[in-house]
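Grab a coffee and work through these short exercises with the model open beside you. Try each task before reading its solution.

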Amino acid sequence: MLQLLNICKSYTTADFTQTALDNVSVSFRDNEFVAILGPSGSGKTTLLNIVGGLDHYDSGNLIIDGISTEQYKDKDWDAYRNNRIGFVFQSYKLIPHQTVLTLSGVSRAERHDRAVAALQKVGLGDHVNKKPSQLSGGQMQRVAIARALINDPEILLADEPTGALDSKTSVQIMDLLTEI
């Protein structure tokens, strides 16, 4: 279970402070599918980044499986992100000079098998050797989803995961995310 308790986050530039999250409290159960809705600039991405350990809250507490993250060090956040979280970014964040799914820390054979399996889940199994510049926007988004699934994460965070997809592919991807 994941809990956010009175989470606050603001960003300051020069003499202006923008409050992104103001005392947000919410609990998520295991295997729960949640959609966070709101207008542009309302803090949705900031909330996802805090839950995923990519950004840190100013005050409040993020509790993961009953353990507070208030004392987390960088290595704790790294372990959390690497072992428990899968991210689907709205801007894909694919590396231009690498093939669509490059993994580190696993053998060449396992890397290939896992990449092909993840790409097949999103309908791109025959694109494993392509680079991002060889894909359409919708294909890049599906690669981003495959990348998020490759380590079988406990928590999948998706920031507008179907934003670049056509209606038919959007339905397929939402069905896949629901299944997961």
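**Exercise 1.** Work out whether Glu-154 is buried or exposed in this predicted model.

*Solution.* Start with the number: Glu-154 has a relative accessibility of 55%. Now bring in the cut-off, where exposed means over 50%. Glu-154 therefore counts as exposed.

**Exercise 2.** Find the residue that forms a salt bridge with Glu-154, and say which parts of the chain the pair ties together.

*Solution.* First, the partner: Glu-154 forms a salt bridge with Arg-84, and their closest N and O atoms sit 2.8 Å apart. Next, place both ends. Glu-154 is in the loop between helix H4 (137–149) and strand S6 (155–158), while Arg-84 belongs to helix H2, so the bridge ties together parts that are 70 residues apart in sequence. Finally, check the burial of the partner: with a relative accessible area of 19%, Arg-84 is buried, because the cut-off for buried is under 20%.

**Exercise 3.** Arg-84 also meets the side chain of Asp-65. Describe that pair.

*Solution.* Begin with the distance: the Asp-65 and Arg-84 side chains meet in a salt bridge at 2.4 Å, N to O. Then look at location. Asp-65 lies in the loop between S3 and strand S4 (67–68), and Arg-84 is in helix H2 (residues 74–84), so this pair ties together parts 19 residues apart in sequence. Last, accessibility: Asp-65 is partly exposed, at 43% relative accessible area.

**Exercise 4.** Trace the salt bridge between Asp-58 and Lys-9, then find the network it belongs to.

*Solution.* Step one is the contact itself: the two side chains meet at 3.7 Å, N to O. Step two is position. The pair links distant parts of the chain, with Asp-58 in the loop between helix H1 (44–51) and strand S3 (59–64) and Lys-9 in strand S1 (residues 2–13), 49 residues apart. Step three is burial: Asp-58 is partly exposed at 46% relative accessible area, whereas Lys-9 counts as buried at 11% relative accessibility. To finish, add Asp-55, which is linked with Lys-9 and Asp-58 in a network of salt bridges. For the wider tally, the structure holds 6 salt bridges.

**Exercise 5.** Locate Thr-69 and list what it touches, leaving out residues up to four places away in sequence.

*Solution.* Find the loop between S4 and H2, where Thr-69 lies. Then check accessibility: at 2%, Thr-69 counts as buried. Now list the neighbors: Thr-69 touches Tyr-57, Asn-61, Leu-62, Ile-64 and Trp-77, not counting residues up to four places away in sequence.

Methods
Residues numbered from 1 in each chain as written. Predicted model: local features only at pLDDT ≥ 70, side-chain atom pairs only at ≥ 80, totals over all residues. Heavy atoms only, no water. Salt bridge = Lys/Arg side-chain N within 4 Å of Asp/Glu carboxyl O. Helix = DSSP H or I, 4+ residues; strand = E, 2+ residues; numbered from the N terminus. Buried < 20%, exposed > 50% of the residue type's maximum accessible area, 1.4 Å probe, protein only. Contact = heavy atoms within 4.5 Å.
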